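Biologist: Can you pull up the model for me? I'd like to go through the fold, then the ligand.
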Amino acid sequence: MGTALIYDEEMTKYKLLWVDPACKIEVPERLSVSYEALVRTGLSDRCVSVPPREASDAEILLVHSEEYLEGVKKTPHMTLEDLKEFTLQYGDVYFHPNIYHCAKLAAGSALQLVDSVMTGKVRNGMALVRPPGHHSMRSAASGFCVFNNVAIAARYAKQKHGAERVLIVDWDIHHGQGVQYCFEDDPSVLYFSWHRYERQKFWPNLRESDYDSVGKGSGAGFNVNVPWNEVGMENSDYLSVFCHVLLPVAYEFCPDLVLVCAGFDSAIGDPEGEMCATPDIFAHLTHLLMNLAGGKLCAVLEGGYNLTSLAQSVCQTVQTLLGDPLPQLANLRSPCESALESLQCVRSVQRRYWSILKHAADSATTDVSNKRIKLAKAEEEKAETAEDERSQEEKVWPEPAERLRPPVCSASVLPDDAACPDGLKRLVSSKDLGPLLVSRIRNRSMEDAGDADGVATFSRLYTLIEKMRTNEIGNGVALVPDVAAAVECVVQDLGSDLVSRVLVVCVGKEELNYATADGKMLVVQISGEDKEEQKGKYYIPVCLKKGCGDTVGFIQAVFGLLLPLGYEYDPGLVLLVRMPGSGVGDCMWQQLIGLLKGFAKGHTLVLMQTNDGACMGPTASALLGHPAPPLQELLTPLPDDGGALERMRERLQADWKMLQTTVSSGN
Ligand SMILES: CC(O)(O)CCCCCNCCCN
Ligand SMILES: [Zn+2]
C-alpha cells in the first residue's frame, strides 16, 4: 500500500496584509517550497495524490463553536479595516479574505487523509496545508491557526471510522494548546507534545503547557507535555524523549490511528524554535511511529519557518513514509541536563498512569531542581546578551545524505529443500571464500554431514553481508542448521572485516561469549536467563523473568535499553538472532524487526534455526517493510518486573549516555 500526498496551491493564496512582526514569518512560500522540494526529489511522483476538499460546517463543529464559525464565515466579505478589527480579538494570528476558504481546505485535507488511511486506500500519508491548526481553540483563532485540523481529524476518525483510540504526536516546537484543551478529559485521544517552554517564558506562555498537565478526570494520563526549558536541543534529546517517554506510552495505549501535528519549526535553523536537531531526525521520528496502529499514520503540516530546513524535513518525513532506508544519525551526543530534567519530571508524573513507566524514578529532588532553576536564571542573565549574537548567527547544517533504495529489498539464504517466501530473493551464488576462510569454517563445530552445505551456507552468508555493505541488498534472513555456530562465524569471520560495528541482538538463551571488549560488536541478549555478571560494556544480557513471551517486559527492554543503545552505538550492520525456543511472539518479533530497521540504513541480517522455519512468514513480511500488527497484549499489562530493567538501565548509563533518564544528582 502506498503513501498519500495532499497539496493544493489554493492554500498558498492568502498572506499578511498589514504590518505585524509576530505574524510575518507565516508566508505562502512555506507551502510552495515544501511541495516543490517533493517534486524536485521525485518523491511526489511516488505518492498517491489525493485532492483536498473543504471541511463541512458539521465537521468544523466537531471541535469549534457555532458562534466562532459564524464569525469566521464573515471574513471573506470584510474590508481591510474590518479584517484588522476582527483579528484584534485573537493572538498572534491574522485574517485575509481567502483564509476561511484555505482553512476549510486545510481541515478537509486532514479528513481526506484520514479517509484514505482508514479505508486502506493507502498505508499512510502527509497533508501539506496552511493555515496550521494546533493552536486554534473551540471559539478562538490563535498562533496562525483558524480551525484545528488535527483535532477535527481525530474526532472525525472516531465518529466516521469507529477509531477507538487515537494518538496525536505533536513534534512542532510550539505547544498545541488547542489540541490539549480539546481532549484533556478524553481517554480515547492521547495527546503528546514537546515544545519550547523556557519555564513559561516562551509563547504561548501557558502554565498548563508544563509537564504536570496530565489531563483531567477520566482523561488523566492521556495528555503528555514535554517542556524544553532551554533552546539548542539536539537529535539525542529528541530520541531520548521518544524512547523513554512517548514510545512506551504509545505502545501501551495501542492506538488504532496515529495523527502527527508535523511542525518542523523544531528543526535547526528555525527562527521560532532555535533548536539544533537536523532535518534527518524526522526520518527517525516518523519511522519510530510507523509500527503503531498497523502503520496507519497521517502527518499534517503545522509550523516550520526556515524554508530550507522546512523543505528538507518534509522530504525526510515523506521519504520515510514511502519506506525508504533511514539515514544514519551521526555522532549522537548525550542528552543535555535540561532535557534530562524534563524527561525525569515527565516520567515521574506519568508513571502513575502508565504501567510501562511504573518504575520510573521520582522527580528530581527539590534541591537538585532548585539548583538547576537558580543556574537557569544565571544563564538567563548571561543569555540576554548572547541573545542578539545568537539570533544574528546563521545556523548551518549538512544537507541530509541521499537515501538510496537497494535494488533488492530482502534476500534469503536457505537450505535447498526450504521454500523461499514471496518477495524475497534467494541467494544461491556463493562467493569463493578462499582456503583460509573455508578452513576456519570447517573448524567450526560443523558436524561432518553438514560440512558441505555448511560451507555453502556460510559462503552465501558472506555474499549476503557483502551485498548489504555495498547496498545491493537491503536486508536478509538465513535459515541455518546451527544458529550458534552461524553467529560465531558471522561475528568472528565474516562480519568483522566487512563492517566496522555489528549490533548483535540475540533473542533467547545461548552462550554468546565472544570477545567484545574492542567495541567492534555490541551484543544485547534478551532472554529469560538470569545472568548474574555483566561481561563488560559491549555484552548486555537483558533478563526477562517471565521470558521473551512477556510483551510488556520485552517492549520495556526494546525502548528503555535496546533502541537507545543502538542509536548511541550506530552500527554498520544489525545481526538479529532468534535462538530456538526463545518464546518470543510473532507480533513482537515483527515489531522488533520493524524497529531495528532504523539502524545501519536498514541493513539487518536475521539468523534463524532451520527448524524454526515456521516464523519465516512473519519475518519476511517485516523485512519487506509491511507494518507489524499491533501488540494487543499491552492493553492489559500483567504486573511486570520492570524494576529489574530500570536498575539495569541505571547501572549501564555510566557507560551509555543515551540510557540516562534523570539528571545526575552530582551536578
Ligand atoms: C503552527 C505554529 O505552532 O508553528 C504556530 C506558531 C505561532 C507562534 C506565535 N508567536 C510568534 C512570535 C514571533 N516571534
Ligand atoms: Zn510551531
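Modeller: Here we go through the sheet, the helices on it and the ligand site; note that this is a predicted model.

Biologist: Sheet first. What is the strand order, and is the pairing parallel or antiparallel?

Modeller: The order is 2-1-3-8-7-4-5-6. Eight strands make up an open sheet, with parallel pairing.

Biologist: Which strands sit at the edges?

Modeller: Strand 2 (48-49) and strand 6 (223-228). Each of them pairs on one side only.

Biologist: How many bridges link strand 5 and strand 6?

Modeller: Six, in the parallel sense. Strand 5 covers residues 189-196. Tyr 191 has Asn 223 in strand 6 as its bridge partner.

Biologist: And helix 6, which strands does it touch?

Modeller: Helix 6 (residues 149-161) packs on the sheet and touches strand 4 (166-170), strand 5, strand 7 and strand 8. Its direction is at about 170° to that of strand 7.

Biologist: Where does helix 5 lie?

Modeller: Across strand 1 (3-6), strand 3 (124-127), strand 7 (257-262) and strand 8 (297-301). Helix 5 spans residues 99-118 and runs at about 165° to strand 8.

Biologist: Switching to ligand 1. Which residues come nearest?

Modeller: Asp 92, His 134, His 135, Glu 272 and Tyr 305, out of 15 around ligand 1. The shell divides into five nonpolar, five polar and five charged residues.

Biologist: What about distances to the Asp side chains?

Modeller: A ligand nitrogen is 2.8 Å from a side-chain N or O atom of Asp 92. For Asp 265, a ligand oxygen is 2.9 Å from such an atom. For Asp 172, the distance from a ligand oxygen is 3.2 Å.

Biologist: How much of ligand 1 does the protein cover?

Modeller: 85% of the 440 Å² of accessible area that ligand 1 has on its own.

Notes: Residues are numbered from 1 along each chain as its sequence is written. Chains are lettered from A and ligands numbered from 1 in the order in which they are written. This is a predicted model: local features need pLDDT of at least 70, side-chain atom pairs count only at pLDDT 80 or more; totals for chains, interfaces and linings use all residues. Side-chain values use heavy atoms; hydrogens and water are left out. Two strands pair if DSSP finds at least two bridges between them. Helices (H or I, at least four residues) and strands (E, at least two) are DSSP runs, numbered from the N terminus. Contact means heavy atoms within 4.5 Å. Axes are lines fitted to C-alpha atoms, for helices over the stretch in contact, and angles run from 0 to 180 degrees between N-to-C directions. A residue is near a molecule or strand if one of its heavy atoms lies within 4 Å of it. A polar contact is a pair of N or O atoms within 3.5 Å; within protein, one must be able to donate a hydrogen and the other to accept it, and residues adjacent in sequence count only if both atoms are side-chain atoms. Accessible areas come from the Shrake-Rupley method with a 1.4 Å probe; for residues, only the protein chains shown count as cover. Ala, Val, Leu, Ile, Met, Phe, Trp, Tyr, Cys and Pro count as nonpolar, Asp, Glu, Lys and Arg as charged, and the others, Gly among them, as polar.
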